[in-house]
Amino acid sequence: MKQNIISPLLLVCNIKSITFSLLALVLLCTSNEIFGQSNSRIDSLKTAFENETNDSLKVLSEINLAKGIHRMQHDLESEYFHAKEAVDRALRINDTVLYARALDNLGLLYRYHQRYDQALSLHTRAFELIKDKDVDPIFKMIMGNNAGVAGRYNHKNDTAFLYYMQALKIAEDVDNLKNIAISTNGIGNTLSNIPGRENEALPYFERSLKAQQEIGNDLGVAMNYLSISDYYIVKGDFKTANEYLKKLLKLNQDRNDEFGIAITYEYMGISKLKEGEDLDKAVTYFQISADGYKSLKNIHRQAEILTHLGNTYLKKGELNRAEDYYKESLQLSKGLNALAMISTNVLKLSEVSEQKGDYKSALSNFKLSQVYKDSININEQNVKIEALTQEYNLEKKESHIQFLEKDKALQQVLLNTQKDELKRRQIITILLAIALGAILIIFFMQYRNYRIRKTANERLNQAEKEKMVTIYERNLAQAEILVTRLQINPHFIFNSLNAITYLIQSEQNCKAIEYLGIFSHYTRMVLETSKQQVISLQEELELAENYLKLEENRFSNDFKYVISGIENPDLEDVLIPPLLIQPFLENAIWHGLLASPRKKKLLSIHIEIDENQTQIIIDDNGAGRDNKNKINTIKSHNSMGMGIIKERIELYNKTNEGKINYKIIDKKDDEGKPLGTRIILELYNTMDYFRNHPSKMSVSHA
């Protein structure tokens, strides 16, 4: 890390950067009592990681494990190992968001260990990967702010400003006050380090402070008090700086924050030291701060305070006291291997020796400070080399994964091409086989026709008869399904099929085909309407008419039917259970008309519709129900249709608001002789009910 080690005032100006970088480390320090708990927590994290089988969750588990090791064990080798493994694992499963999170986590570990070059490249790479993707904005804000912090600590203020501003814009878009506060504080600290732009920092600090106050984050408020006080110290406005430091001290005391109290007294001492008017008070503040850091076992901060005390006594002209503090700080710095701090203390000892007139010691210490300065430069170069090497290796891994993906895609394309080629060959083979088969069939048919030409007509007739049988069997199967599904009287269906059988057997093929066409149309309508709980009266009448056509065609010409009232436009609005009318028609034909001696047998259906009631009147001039002199040649039978229709009407009336009633009237002349039967079906509220309850019209199928 590049740092000015000559001027003590420049050291003071750089303290805030060191303060925030060390804050995370200090907060992670633990006592011996917590150490046992930490080991248990690490074991738990390791177990969770080792037992995880999902690739994505395994990456997250390893990220958490690396963080846990850093916070609780400070095992540098182990935490880096797992963080890098998480990066490689995310890269292998080709998950961009997880890869970015793993990079950001590794960058944080580098930053915590002051390897800012490496941290910066990782944070910026992570942010650039997801900034244009549709992911949770919190990840973009975190990675943008982390890139800003790493850039600022690496003295790349333009880079830091760029990423802080991008994170701020995202935070403003989603109104995230916490990240608005983080970004604005970072921008303020960045501007403070840019010569000529220091005055622009204050509004950002104040905005960050306001945001932290709104969300009630005391730690965030404290850090902004510190930033603002440092701003005024640099400006030379010590009165305002001290006002903010007093607020900061009270806040940290209320929070019982030992580290916060120690750093507050440190800055109070820096303010007095830079002001130069009350150096004794500066000494007091520094000593209180040193005691606080000592109780926290923060050796790095103790060494810095000792340097501040040396600077204070040097300014007071007490060279021996100053020399003692510089030597004590130097001793601690060597234990920490903090090269920048070692170089600073050696240079200050050179200055003390020079003022004492001991030029030999002064020169020796000055040369030694230059050696340390060179070591710092070499160390910085090594860190940069490591960062570049890391970036190169990372890009190489990414390129390798991309190459593997492309190679995999290419192999898949080749495989698909081979499959397509194989399919084409199979299709060609099949087509050739079909063509060859067709040629053989044609040849065989020609040969066969040559052999059986004399019996062609007989075979043609046989084929037509077989066709009729096939149609008959198919319609028989459909009729069986229909009877099972609807439970309508099978008598009509079987008689119709018997009629078809008779026509086929008597070789009346044309008439059989015509009859089959009517029968097929009728059965198709029945199958379609049976899927519904109710149908319109118009559809029901169409079914009835088809049924009557079949009966009319099947028997002699002395049977006629008439349907009236069908011109009423309300037929479409009246709803009725399907096939409700047919059993009545069936009974009228089989038990009434066919049993009647009359030459002209007539069946009529008349429809009457008013506001609340619909009447369906079925009238026949048949033998009547009580006639005991029915023609013996007509086989009487008990139709199951009336029993089924009665059950359907009862079920309908129980489950619906609309009601259906029917009555049967035996018509007689003045002498009491039967004139036929009249059936009156009465439908109440079926129209209004189903208009208001359309959901009742659908059928639930199992």
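Student: Hi! Is K663 buried, partly exposed or exposed, and what is its relative accessibility?

Tutor: Hi! This is a predicted model, and in it K663 has 40% relative accessibility, so K663 counts as partly exposed.

Student: OK, and which side chain does K663 meet in a salt bridge?

Tutor: The partner is E682, with 4.0 Å from N to O. The two residues sit in distant parts of the chain: K663 belongs to strand β6 and E682 to strand β7, 19 residues apart.

Student: What about E682, then: buried or exposed?

Tutor: E682 counts as buried, because its relative accessibility is 12% and the cut-off for buried is under 20%.

Student: Which residue does K667 pair with in a salt bridge?

Tutor: K667 pairs with D619, and the N to O distance is 2.3 Å. This salt bridge also links distant parts of the chain, with K667 in strand β6 and D619 in strand β5, 48 residues apart. D619 is buried, at a relative accessible area of 13%.

Student: Those strands keep coming up. How many strands form the sheet, and in what order?

Tutor: Five strands make up an open sheet, and the order is β2-β4-β5-β7-β6, with mixed pairing. At the edges are β2 (559-564) and β6 (659-668), which each pair on one side only. From one strand to the next, the twist averages 10°.

Student: Which helix packs on the sheet?

Tutor: That is helix α24, residues 582-593. Helix α24 touches β2, β4, β5, β6 and β7 (674-684), and its direction makes about 150° with that of β4.

Student: And in what sense do β4 and β5 pair?

Tutor: They are antiparallel, with seven bridges between β4 (residues 601-609) and β5 (residues 613-620). In one of those pairings, I609 has T614 in β5 as its bridge partner.

Student: Back to salt bridges for a second. How many are found in the whole structure?

Tutor: A search of the whole structure gives 21. Among them is the one between E318 and K316, at 3.5 Å from N to O. E318 is partly exposed, with 30% relative accessibility, and K316 is partly exposed too, at 30%.

Student: Which residues are linked in a network of salt bridges?

Tutor: E266, R301 and E304 are linked that way.

Student: New topic! Which residues make the nonpolar surface patch?

Tutor: I427, I430, L431 and I434 make that patch, which covers about 400 Å². To find I430 on the structure, look in helix α19, residues 359-451.

Methods:
Residues are numbered from 1 along each chain as its sequence is written. This is a predicted model: local features need pLDDT of at least 70, side-chain atom pairs count only at pLDDT 80 or more; totals for chains, interfaces and linings use all residues. Side-chain values use heavy atoms; hydrogens and water are left out. Two strands pair if DSSP finds at least two bridges between them. Helices (H or I, at least four residues) and strands (E, at least two) are DSSP runs, numbered from the N terminus. Axes are lines fitted to C-alpha atoms, for helices over the stretch in contact, and angles run from 0 to 180 degrees between N-to-C directions. Contact means heavy atoms within 4.5 Å. Patches are made of residues with over 30% relative accessible area and no salt bridge: like charges are joined within 9 Å, nonpolar side chains (Val, Leu, Ile, Met, Phe, Trp, Tyr) within 5 Å. Accessible areas come from the Shrake-Rupley method with a 1.4 Å probe; for residues, only the protein chains shown count as cover. Buried means under 20% relative accessible area, exposed over 50%, partly exposed in between (1.4 Å probe, protein chains only).
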